[in-house]
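Visitor: I'd like a close look at one part of this protein, the sheet and its hairpin. Could you walk me through that part and then show me what lies around it?

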Amino acid sequence: MIPFWEPSKDVEWMRDAECAKPSNRHMMDLFFSDELEDKHQAKNLCFQCPVRKDCVKWALENAMIWGIWGGNDEHEMRRALSVNADGAEIRRDRFPKCPYCQARTSSLKAMVVDNPDGGRWLTMRLVECIDCGFTWRSRTSANAVNAYHALKADKKEQIKKLSDSTEDSQLAFDFGDLDLEQ
Ligand code: SF4
Ligand SMILES: [Zn+2]
């Protein structure tokens, strides 16, 4: 069965945003700073925020690829969406991670669902994090996740063939060392 996926349309959650509290307004510049220490402080505020999940989801759907959103800086947002600094979809040199819990690509899976927006495409591609259940829309990231699993399966197969062809039964392989995420 194709799972149903609903885009985040309401912005009620913004009322509870930690960064929007009057007591934290002085920190707003930190969210758009290039300084690492500033980014660190902004991210810390995000990780105390009760609406971080809604924030990450909304920011991804609205392609917020500048500044810090839900604890992700612009590089992490672009990596999750597989886009460049202009917002164009590109195949990045690193596989995506979960933008909510930071799980690595091995914990991600790609899905195809009906497109609730209608329009030109009947379906769309999502990425789901098996660890935390967070789901986001990105055709190129979904393709990258599929490519990652195919590459990993291929490497396992190659190692199995190598292992089968050797008489040294002591030959041990640890698939956990197969890090394709760079
Ligand atoms: S997660 Fe961060 S950016 Fe998002 S609403 Fe909360 S404090 Fe603001
Ligand atoms: Zn996750």
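Guide: Start at the hairpin of S2 and S3, where five residues lie between the strands and Gly-133 has a positive phi near 85°. Please keep in mind as we go that this is a predicted model.

On either side of that turn, the strands S2 (residues 123-129) and S3 run antiparallel and are joined by three bridges. Two of the pairs are easy to find on your screen. Glu-128 has Thr-135 in S3 as its bridge partner, and Leu-126 is bridged to Arg-137, also in S3.

Now move to the other neighbour of S2. Seven bridges connect S1 to S2, and this pair is antiparallel as well. Here you can pick out Val-113, which stands opposite Met-124 in S2. Put together, the three strands make an open sheet with the order S1-S2-S3 and antiparallel pairing. Strand S1 (108-114) and strand S3 (135-137) are the edges, each pairing on one side only. From one strand to the next, the twist averages 35°. As a reminder of what holds such an arrangement, strands of a sheet pair through backbone hydrogen bonds, either parallel or antiparallel.

Let's step back to place the sheet in the chain. The protein has four helices and three strands, and from the N terminus the elements follow the order α-α-α-β-β-β-α. Of the 182 residues, 25% are buried. Among contacts between residues at least 6 apart in sequence, 49% join residues at least 24 apart.

The sheet also leads us to the interior. S2 is one of the elements that supply at least two residues each to the largest nonpolar core, along with H1, H2, helix H3 (74-81) and helix H4 (139-165). That core has 28 residues, and Cys-55 and Ala-59 are those with the most contacts inside it. H2 gives the largest share, five residues. This fits a broader pattern: in soluble globular proteins, nonpolar side chains tend to be buried together.

H2 deserves a pause of its own. Seven of its ten residues are buried, so this helix is largely enclosed by the rest of the structure. The buried ones are Arg-52, Cys-55, Val-56, Lys-57, Trp-58, Ala-59 and Leu-60. Our edge strand comes back here, as S3 is among the elements covering the buried residues of H2, together with H1 and H3. Just after H2, you will find Ala-63 with a positive phi of about 50°.

From H2 it is a simple step to the ligand. Beyond its neighbours within four places in sequence, Cys-55 is in contact with Ala-17, Cys-49, Trp-69 and Gly-70. Those four residues and Cys-55 itself belong to the surroundings of ligand 1, which also include Glu-18, Cys-19, Leu-45, Cys-46, Val-51 and Arg-52. Helix H1 (36-46) and helix H2 (52-61) are the elements that give two or more residues to this shell. By character, the shell residues divide into eight nonpolar, one polar and two charged.

So, to retrace the path: from the hairpin with Gly-133, through S2 and its place in the nonpolar core, to Cys-55, which is one of the residues around ligand 1.

Technical notes
Residues numbered from 1 in each chain as written. Chains lettered and ligands numbered in written order. Predicted model: local features only at pLDDT ≥ 70, side-chain atom pairs only at ≥ 80, totals over all residues. Near = placed C-beta within 6 Å. Nonpolar A, V, L, I, M, F, W, Y, C, P; charged D, E, K, R; others polar. Pairing = 2+ DSSP bridges. Axes fitted to C-alpha atoms, helices over the stretch in contact; angles between N-to-C directions. Buried ≥ 20, exposed ≤ 12 C-beta atoms within 10 Å, placed from the backbone. Contact = placed C-beta atoms within 7 Å. Core = buried A, V, L, I, M, F, W, Y, C linked by C-beta atoms within 7 Å.
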